[in-house]
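Grab a viewer and work through the exercises below. Try each task before you read its solution.

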Amino acid sequence: MSKSAFQELLANTRRLTVLTGAGVSAESGIPTFRGAGGLWRTYQATELSSPQTWNRDPGLLWEFYNYWRGSMRDKKPNPAHYALAEIEKRFRKDNRLFHLITQNIDDLHLEAGSQSVTRMHGSLWLLRCCQCSLVTKNQDIPITPAFEGSGSPDPKAKQSKFSKEDLPKCYCGGILRPHVVWFGESLALEDMEKSHEASRECDLFLVVGTSALVYPAAGLSTIAKRSGAKVVVVNLEPTATDEVSDFNFPGKAGEILPDLLMVN
Ligand code: BJW
Ligand code: ZN
């Protein structure tokens, strides 16, 4: 499929669903998970952020998230985020349906103006109480005064020991954790339902900047394909989605999307 064939398809699309991953935020300066930069100290970020680490040492995990929140604070949406927000606006204006499913926890799609968004893996800026499950927005850096200056990613950094008193607390007294989804944890039911529905019901499924290795997100393009949608991939590299894709646009999302979606 050439760019013009894609654009003709887009013009005739009634319902567009987009799935994004870490690659869409790479040009905002946020490292991807499985690329260079996916390490914190000697830990692979995806292995560190787990229910097992949380149960063993919540202070260590908060040290990691404290660092990550600090380094994300000044990150801004890039042309890929803005292109997706603009195409949504155009679809709305024409009474066509649009939904964006993101695996990212950085909230940059929302900052760019996207409205119909499912954050499958939660948000770095939401906390959840381990006792009463209340979810609250929180942008404090440091997360509590005890974490001031902590969390250096340097492998030689001295590991601090945090006590229960140092951790952020809910009004009910329970400990607060990041409202994100770790491996082995279930996604919120409403997010699962919305993602499945948007994948099943669309006629064009656009997959941007994800390695498509992590389920259930990785299975959505197959659901879309089996339901009759055209599947189109924008990625720097070949990915697992290529097995079901109708066409690939290789390259950087921030360079390809504004042009492909004709919003530049
Ligand atoms: C660019 C670019 C540029 C770069 N432009 N492109 C079925 C089969 C097998 C296993 C399972 C299964 N169902 C569930 C599982 C278990 C597990 C899983 O999938 N394991 C696999 C590894 C095999 N899934 C889960 O546990 C999920 N829970 C669940 O399903 O519950 C029920 C259940 C549990 C257990 C068993 C069975 C059922 C939960 C998954 C949670 C994922 N969480 C994380 C961490 C979030 C919080 C945090 O970070 O602190 O989410 S892991 C991490 O990976 C993060 C990401 O959202 C996610 C996906 O990564 P993504 O976005 O694809 O990033 P990368 O780095 O992999 O790829 C970047 C891509 O961008 C690359 O392709 C680049 O080329 C590209 N790129 N620059 C365009 N400029
Ligand atoms: Zn609580």
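What follows is a set of exercises on pockets, cavities, aromatic contacts and backbone oddities.

This is a predicted model, where local features need pLDDT of at least 70, side-chain atom pairs count only at pLDDT 80 or more, and totals for chains, interfaces and linings use all residues. Residues are numbered from 1 along each chain as its sequence is written, chains are lettered from A and ligands numbered from 1 in the order in which they are written, and side-chain values use heavy atoms, with hydrogens and water left out.

**Exercise 1. Find the largest pocket and work out why it lies between domain 1 and domain 2.**

Step 1: get the terms straight. On a 1 Å grid over the protein atoms alone, a pocket is an open set of points with protein on both sides within 12 Å along at least five of seven lines, while a cavity is a set where a 1.4 Å probe fits but cannot get out; lining residues have an atom within 4 Å of a point. Points are joined across faces, edges and corners, and a volume is the space filled by probe spheres set on them.

Step 2: size it up. The largest pocket comes to about 880 Å³. It has 43 lining residues, and the closest to its centre are Ala 22, Thr 32, Phe 33, Arg 34 and Ser 211.

Step 3: look at the elements (DSSP runs numbered from the N terminus: helices H or I of at least four residues, strands E of at least two). H2 (23-26), H3 (45-48), H5 (58-72) and strand S10 (230-235) each supply at least two lining residues, and H5 gives the most, with 3.

Step 4: bring in the domains, whose bounds come from an automatic or database domain assignment. Domain 1 (1-30 + 77-121 + 186-264) and domain 2 (33-74 + 124-180) both give residues to the lining, so the pocket lies between them.

Step 5: sort the lining by class (Ala, Val, Leu, Ile, Met, Phe, Trp, Tyr, Cys and Pro are nonpolar, Asp, Glu, Lys and Arg charged, and the others, Gly among them, polar). You get 22 nonpolar, 16 polar and 5 charged residues.

**Exercise 2. Which element gives the most to the lining of the second largest pocket?**

Step 1: find the spot. This pocket has a volume of about 340 Å³, and Arg 119, Gly 122, His 179, Ala 188 and Asp 191 lie nearest its centre among 20 lining residues.

Step 2: list the contributors. S5, strand S6 (122-129), S8 and H8 give two or more residues each. The winner is S6, with 4 residues.

Step 3: check the domains. At least three lining residues come from each of domain 1 and domain 2.

**Exercise 3. How many cavities of 30 Å³ or more does the structure hold, and what lines the largest?**

Step 1: count. There are 2 of them.

Step 2: take the largest, with about 90 Å³ of space. Its lining includes Ala 22, Phe 33, Trp 68, Asn 104 and Asp 106, and divides into 7 nonpolar, 2 polar and 1 charged residues.

Step 3: compare the second largest, at about 40 Å³. Among its lining residues are Asn 104, Asp 106, Asp 107 and Arg 119, and the split is 3 nonpolar, 3 polar and 3 charged. H7 gives the most here, with 3 residues.

**Exercise 4. Describe how the rings of Trp 54 and Trp 182 are arranged.**

Step 1: recall the rule. Rings of Phe, Tyr and Trp (its six-membered ring) pair if their centres lie within 6.5 Å; planes under 30 degrees apart are stacked, over 60 edge-to-face, and the rest tilted. The count comes to 11 aromatic pairs.

Step 2: apply it. The centres of Trp 54 and Trp 182 are 6.0 Å apart and the planes are at 40°, so this pair is tilted.

Step 3: place it. Trp 54 lies in helix H4 (residues 51-56) and Trp 182 in the loop between S8 (176-180) and H8 (189-201), so the pair ties together parts that are 128 residues apart in sequence.

Step 4: widen the view. Trp 54 and Trp 182 belong to one aromatic cluster that also includes Phe 33 and Trp 68.

**Exercise 5. Is Asp 107 buried or exposed?**

Step 1: locate Asp 107 in the loop between strand S4 (97-102) and H7. Its phi is near 65°, a positive value in a residue other than glycine.

Step 2: apply the cut-offs (buried under 20% relative accessible area, exposed over 50%, partly exposed in between; 1.4 Å probe, protein chains only). Asp 107 has 17%, so it is buried.
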